[in-house]
Amino acid sequence: MDQRSLRVLEWDKIKQQVAELASFSLGKQRALNLHPSDEYQEVEARQELTTQAVALLWKQGTPPFGGASDITSILQRAGIGGVLDGQELLKLAGVLDCAGNMRRYLGEVEVFQQFRDQLAHLPELAAEINRCLDDEGQVKDNASPKLKAVRQKIRSLEDRVREKLNSIIHSSSNQKLLQESIVTIRNGRYVVPVKQEYRSIFGGIVHDQSASGATVFVEPQAVVELNNELRIALQDEQREVERILSLLSSAVEPYAAQIQQSLDSLAHLDLIFAMGKYSRQTRGTPARLNPDGNILIKQGRHPLLTGTVVPIDFWLGGQSYILVITGPNTGGKTVTLKTVGLFAIMNQAGLHIPADEGSQMPVFDTIYADIGDEQSIEQSLSTFSSHMSNIVNILDQVTDRSLVLLDELGAGTDPTEGAALAMAILDYLRRERITTVATTHYSELKHFAYANPEIENASVEFDPVTLKPTYRLAIGIPGKSNAFAIAKGLGLKDELVSYARSLLSEQKIQVDDIIGEIETNQRQARQARDEAETLKREYEQLKQKYEQLYQELRETRGNLIAQAHEEAEELVRKTRQELDLLIGELRKQQNIDLETIAKAKREELVDRQSKFAARKPRVSQPKPLQDLRAGEHVRVRSLNQTGHVVEVSETEAQVQIGILKVSVKLNDLERVASEPRTQITHRGHTRSMGKSISIKPEIDLRGYTVDDAAVAVDKYLDDAVLSSLTQVRIIHGKGTGALRDAIQTQLSIHPHVKNFRLADPNQGGSGVTIVELAN
């Protein structure tokens, strides 16, 4: 790539932004050394890596690069048999841990398989280093039995020396001889500070003296032998530490090349994930590589611009491969040039471009740019000058796979000659079929573009009302001169503007008017298109929403039908069980005729059950109950609970369900038919048979919640009344009394209850309620 063009397009700033997102020094260095590739397959592979990195970032979060560092020199020394210190070994273990973590993070993603295979898997080596070294890189006591024993001996000797010296400095006979009553160390030996004048009286070995000479540091004779033993133990410790470090370094040596490969892979992965982070930061998308040389940018945003950035739509391809952009200064022509050039570089370096999905970029062999005086667009400067020498160099090196960007082509000289020179350069590039984007103020180039189908006109729009550019690029429309509008808007007298306009040819005025009308129509068409696209998005959202609601409704309907089907089958099953009990009782009564009738009914129920199994019931919209009266028994469909009506209005009814009173819509209710009692006369007495013949005279609710107990009591009292029981026992236990109070509240309003009381002490006391039923 042309280095001057890379500098003009501010590629270094993009690399710096990517480097700031890298996790460790080698990744940052790779980002700063990133260069675009001119190989199609290489660009394709880079883009796929970045795309997969973005996917992993969204799925699994930030990659675990903790522990990674530049250990290149450490590995070089280990590779030739050098001994590493504790800090170096600790860094090496950190890289091994990072490699293991990254292997797990990458998982089985195919595009990263090569990197995963290159990451060293040496858990035993990392574990041994971490076992022997602490977090500061110091060798631990348990690194070897010998080191542990030596350090225990050192601590014992140090304690003995301090104890001996403490007895000396605290001795009353030595107080006047000492400068201070402290123990310190000089030259690795424990000493005490003695006044200079008492040195000969105190005795011992002098190891040092103070700067003033008033104090000498003396090792008392009583601890000389202990200090000697301590020095020997410290030397033993040092030798053992060096031996352990040497062993660890020797263990690293065979794997030095493999660990270096892992380090290189980690650096490359750090670059890839930094590019992925940059894509998320700039809301970038992968451009589809176009082998035909076409450029399509949808809503492209220059990544170095800050604040409110007006995106551009850019298209160059098909029959046209040269684009001539005209328009006012500071209108965005130079930004467009730099955006196209920078997107090409970013794409070929493997970065996503900050544009909408569907953008396309070719792969160029080189990008050449001659853009003004190379001032930064971040400062919103658009001062331009021609560098003819640079254009000469470009024309000497350019190929049909190159991209050429020319700003203010032909400017800086006589307008007539400059326009002629610009047309000659564009004609050469046209004949060589070189993709080119050029900006100009010369109207002659607009006509030149119309005369050649390989050249397309474009312009940056200008709002004559606000006298400001809109920064929008209009492909296919040349820019008109806005000098008169600007001058008039700035206060130039009308007669001067009119006179200046009269000096133009009639043809020139007509062309400018036509261009102005085209720009207005295009602006209105774009506004209409934007409104249509907004309505289309809203329609799509509503359509998606209602499709989802419809699907949920269908699923709910199916579930409700299935539930109703199951409830119907359960009802038939229970009815069969009750019928079996009835038949058993009839047999006891030897009533053959009734048994025959019951048997026929049983067969009818079996037939109904088979029909239920063969088809599901049709669900119809329920109608509100008519002529509903207070006291009627009903079932609340939505709650699947039965109760009796307390009060009725036009659209709702209050229903008592156990201890609860709820307001329910009339179409959510259905009448529950009262079960008839069958009077069987036998041997001179009458017997009442209801829903359940075998019901017990008591119910045990201990362990129930209040809500569950209310439902159970309501059902039990119904069954008890149908069984002609006059008195029942409800066992609720004592506890806190909450369950007892709730049940008694329910009993006080229940239509089947005549009276209730707590049981006698010998029958359960406050843990049991005796209920008298109204039959």
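In strand E12, alanine 438 is the bridge partner of valine 324. The model in which this pairing occurs is a predicted one. Valine 324 belongs to the register between strand E8 (residues 322–326) and E12, which pair in the parallel sense over five bridges. Alanine 438 of E12 is also the bridge partner of leucine 406. Strand E11 (residues 403–406) is joined to E12 by four bridges, and these two strands likewise run parallel. E11 and E12, together with helix H15 (residues 415–431), make up a β-α-β unit of right-handed sense.

The surroundings of E12 are consistent along its length. Six of the six residues of this strand (residues 435–440) are buried, so E12 is largely enclosed by the rest of the structure. In a regular strand, side chains alternate between the two faces of the sheet. In E12 both faces are covered: Thr435, Val437 and Thr439 are buried on one side, and Thr436, Ala438 and Thr440 are buried on the other.

The loop between E11 and H15 contains glutamate 408. The phi angle of glutamate 408 is near 50°, a positive value in a residue other than glycine. Most residues other than glycine have a negative phi. Glutamate 408 has a relative accessibility of 6% and therefore counts as buried, the limit for that class being under 20%.

Helix H16 (residues 443–451) has a buried side formed by distinct positions. Leu445, Lys446, Phe448 and Ala449 are buried in this helix. These residues cover an arc of only 165° around the axis, which puts them on the same side of H16. Tyr450 and Ala451 are exposed, and they are carried by the face of H16 turned away from its buried side.

The nonpolar interior was examined next. The largest nonpolar core comprises 48 residues, and Met102, Phe112 and Phe273 are those with the most contacts inside it. Two or more residues of this core come from each of helix H4 (40–60), helix H5 (72–79), helix H6 (86–106), helix H8 (123–132), helix H11 (224–252) and helix H12 (256–281). The greatest contribution is that of H6, which gives 10 residues. Methionine 102 touches Pro63, Pro64, Phe65, Leu119, Leu266, Leu269 and Phe273, when residues up to four places away in sequence are not counted. A second, separate core has 45 residues, among them Ala274, Ile295, Ile345 and Leu403.

Helix H11, one of the contributors to the largest core, is also associated with a sheet. Four strands form this open sheet in the order E1-E2-E4-E3, and their pairing is antiparallel. Strand E1 (184–186) and strand E3 (205–209) are the edge strands, each pairing on one side only. From one strand to the next, the twist averages 50°. Within the sheet, strand E2 (residues 189–195) and strand E4 (residues 215–219) run antiparallel and are joined by four bridges. Proline 193 has phenylalanine 217 in E4 as its bridge partner. H11 packs on the sheet and touches E2, E3 and E4, with its direction at about 145° to that of E2.

A further open sheet consists of five strands in the order E18-E17-E16-E15-E19, again with antiparallel pairing. Its edges are strand E18 (660–665) and strand E19 (669–671), each of which pairs on one side only. Neighbouring strands of this sheet are turned against each other by 45° on average, direction ignored. Strand E15 (residues 633–636) pairs with E19 in the antiparallel sense over three bridges. In this pairing, arginine 635 stands opposite glutamate 670 of E19.

Aspartate 627 is located in the loop between helix H20 (592–614) and E15. The phi angle of aspartate 627 is near 55°, a positive value in a residue other than glycine. With a relative accessibility of 62%, aspartate 627 counts as exposed, whereas glutamate 408, which also has a positive phi, counts as buried at 6%.

Key: Residues are numbered from 1 along each chain as its sequence is written. This is a predicted model: local features need pLDDT of at least 70, side-chain atom pairs count only at pLDDT 80 or more; totals for chains, interfaces and linings use all residues. Side-chain values use heavy atoms; hydrogens and water are left out. Two strands pair if DSSP finds at least two bridges between them. Axes are lines fitted to C-alpha atoms, for helices over the stretch in contact, and angles run from 0 to 180 degrees between N-to-C directions. A nonpolar core is a set of buried Ala, Val, Leu, Ile, Met, Phe, Trp, Tyr and Cys residues joined through side-chain atoms within 4.5 Å. Buried means under 20% relative accessible area, exposed over 50%, partly exposed in between (1.4 Å probe, protein chains only). Contact means heavy atoms within 4.5 Å. A crossover is right-handed if, with the strands pointing away from the viewer, the path from the first strand over the helix to the second runs clockwise. The arc is that of the directions from the helix axis to the C-beta atoms.
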